[in-house]
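Dear colleague,

I am passing on the structure below, and I would be glad if you could look through it with the notes that follow beside you.

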Amino acid sequence: MSPSYPARRAAPCCAALASTFLLACAPAHAGEPLVPQTKPEQLDTVTVLGTRPIRTVDDLSNARRKANERTGGTAVVDGESYRDRRAGTLVDALGFAPGVFVQPRFGADEARVSIRGSGLQRTFHGRGLVVLQDGTPINLADGSFDMQAIEPLAARYITVYRGANALEYGAATLGGAIDFVSPTGYDAPMFTARAEGGAFDFRRAQLAAAGVSGRADGYATLTGTSQDGYREHAVQETYRFFGNAGFRFNDTLDGRLYFTKVDTRSALPGNLTFAEFERDPTRAAPANIAMDQRRDFVLERLAGRLAWAPNADDQVALSLSIADKRLHHPIFQVLEQESRDVGVDLRWRHASEWGGHAATLIAGVRTTNGSLHDERFVNVFGNPGAPTNVFDQHARESVAYLEQQVALDARWTVSLGAQGLHAVRRSDDKLITNGRDESFEKTYSGVSPKLGVRAALGEHAQVFANVSRSLEPPSFGELTGGPGVTQVDMQEATTVEVGTRLQHAQGWLDVALYHARVDDELLALNDANGNPLGTTNADRTVHQGIELGGAWDWTSQWRTSLQYLFNDFRFDGDAVYGDNALAGVPHQQLRAEVRWSPVARFHVVPGLEWNDATWIDHANTLRAKGATVWNLRVGGELGARWTWFADLRNVFDKRWIASTNVVANAGGIDGRHVLPGDGRGLYAGVELRL
């Protein structure tokens, strides 16, 4: 268990770092009223400011309340829940979130992240989800996102809104939205220091500080991670800074600034054949070593939010963001890219009554504009050789969304909403080769409606159902990510979802069944060596499955947690593939653990991850076998301020396949398709909080 933060009074402290917008001082206990050292006659005014909610960010309890009010599948992950283990990848943060499939491909940041089969073929530079940092999308204007831009240790909590339920965020993709919400000066410890280390030369550290001073608060964290990796040519080094500072202008207006910098460098070991995997899963693909394949980038992002609540029923939030990224990416060619993305989001939330029944209206508009300069070269041992192409690319994505939720009575609630989308993708070919100009401009537009219903079953349970449309324009990864331009169409889907959730003092359970009929699914294919071939649109596909997650305290000493996914993704009468299964993810996945705490300050947690077999090709001629991997960790508290853990991954040193390539037709022949999971590794860490 994590220690409680010691109670402390707000007192003036030093000083500000201009680049971080951090206003540092000793904060008040999270959730308690501020008690500044001031004259007695001023206490009434200060108390009002200290006890009202922060307008720019929800606290954890409000985030959970809003998630439970949705007419569909949602989850809120407490950032404290994964600090008792090695917290090195998104699996550590999202592995038990219902409906989320996440699997690192090199035991590092890059991963296949998918909800309901979104971005199914992507194991890097993801798509199909709206990923947000503090309510503002970090997606590029073309819809893509980078897993390395996320720091799990810098999240107070994570919200997951699956499918059309993400209309709350103005998102209407098949997968939905994931929001990583940072701590503030009000809910974070004054000082945090954390160190982790272990197998494969894994090292990770965090320093964080938070504070409150009068109307201002601030939080900042710096993390550094390095590892040699389980495999050859898998060295990774990443540094991330996240900071935010808020100010309460008056009783109705709050403002907050955010600054992010990420500097990440990752060698790419590549895919192995089955024969190589059986012989030595730690080796790297020879071409990846010879061409020094890697993915390095620097990201800087500045965002701001103003939240105005003129009365108890209305709240208006305006968000602005700008992000610059520089990418060095030697693969089958060398990519040198510089991009800038600018976004604006205006959102209104209004509480009212319709005929005596409570109602909530959410309305908003958002637009993101991005420019990308993309230079490509022959790969000469990892260095740029002769130029092969140059693109100047522009993307714009604009959405308007509206959702009305009305309580029909004490039990039934209905919601009706829609999102309008207009997107532009323009690419100017600046280096004409072979007399072929690959310039293009495409626009995509449409409307995504949603109808949902929720019914309360007593005090702790509810059921829900919804039907919705989703739209997903291609990113430049689909349009220009292969050896040539592929001007594919927008992916569209109709999804039906039913489910139930149980919230109880002893735990929670979330179960959802969904069925999505997808038109023009974006299928990104690779050759046998892992090199991209480009993207095509499937005619019709079906995504359906079961999403289950939960945790339950059986006694004060025993707690069970689990996540289960049943993934039935397949073609629907395709001219080439018939009704074959889509390749890329296992048919089933289970994560489970049992926590035993014989005393309050010590726990033992055995756990497992089981993956079913995974098809490698859409022709269903070759698949990777499934595996069960066992883990064990112990940990506890050392006094009121220190915690520790020891985390043994893959206890029995199982050789297993974490992820695979996706190819059209492997012909049943072994090729460079598999990405081995990490072998046995012991990690340990300590954390200090003041």
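Leu132 stands opposite Pro137 in β7, and this is a convenient place to begin reading the model, which is a predicted one. Strand β6, which covers residues 130-133, pairs with β7 in the antiparallel sense over two bridges. Both strands belong to an open sheet of five strands, whose order is β3-β8-β9-β6-β7 and whose pairing is mixed. At the edges of this sheet stand β3 and β7 (136-137), each of which has a single partner strand, so one side of each is left without a neighbour in the sheet. As general background, the strands of a sheet pair through backbone hydrogen bonds, and they may do so in either the parallel or the antiparallel sense.

Turning to the open spaces, the second largest pocket has a volume of about 1,300 Å³. It is lined by 48 residues, of which Asp78, Ser81, Trp508, Ala551 and Arg559 are the closest to its centre. Several elements give two or more residues to this lining, including the edge strand β3 (74-78), the helices α2 (60-68) and α3 (90-94), and the strands β23 (491-504) and β24 (507-519). By class, the lining of this pocket consists of 19 nonpolar, 16 polar and 13 charged residues.

As for enclosed spaces, the structure holds 19 cavities of 30 Å³ or more, and the second largest cavity contains about 550 Å³ of space. Of the 32 residues that line this cavity, Val91, Asp92, Glu609, Asn631 and Arg649 are the closest to its centre. The elements that give two or more residues to the lining of the cavity are α3, β4 (100-104), β29, β30 (602-611), β33 (627-638) and β34 (642-649), and β30 gives the most, with five residues. The lining of the second largest cavity divides into 13 nonpolar, nine polar and 10 charged residues.

Two phenylalanines deserve a look at the backbone. Phe200 has a positive phi of about 60° although it is not a glycine, and Phe381, which is not a glycine either, has a positive phi of about 55°. Phe200 is placed in the loop between β10 (191-198) and β11 (202-213), while Phe381 lies in the loop between β18 (357-380) and β19 (383-407). With a relative accessible area of 22%, Phe200 counts as partly exposed, whereas Phe381 is exposed, its relative accessible area being 65%.

Two helix residues complete these notes. Thr480 lies in helix α6, which runs over residues 476-480, and because its relative accessible area is 2%, Thr480 counts as buried. The side chain of Thr480 makes a polar contact with the side chain of Gln393 at 3.2 Å. Leaving aside residues up to four places away in sequence, Thr480 touches Arg376, Gln393, Ser427, Phe440 and Val485. Arg279, by contrast, is exposed, with 55% relative accessibility, and is found in helix α4 (residues 274-279). Arg279 and Glu438 are 159 residues apart in sequence, and their C-alpha atoms are 43 Å apart in space.

With kind regards

Terms used:
Residues numbered from 1 in each chain as written. Predicted model: local features only at pLDDT ≥ 70, side-chain atom pairs only at ≥ 80, totals over all residues. Heavy atoms only, no water. Helix = DSSP H or I, 4+ residues; strand = E, 2+ residues; numbered from the N terminus. Buried < 20%, exposed > 50% of the residue type's maximum accessible area, 1.4 Å probe, protein only. Polar contact = N/O pair within 3.5 Å; in protein donor to acceptor, adjacent residues only side chain to side chain. Contact = heavy atoms within 4.5 Å. 1 Å grid on protein atoms, 1.4 Å probe; cavity = no way out; pocket = protein on both sides within 12 Å on 5 of 7 lines; lining within 4 Å. Points joined across faces, edges and corners; volume = space filled by probe spheres on them. Nonpolar A, V, L, I, M, F, W, Y, C, P; charged D, E, K, R; others polar. Pairing = 2+ DSSP bridges.
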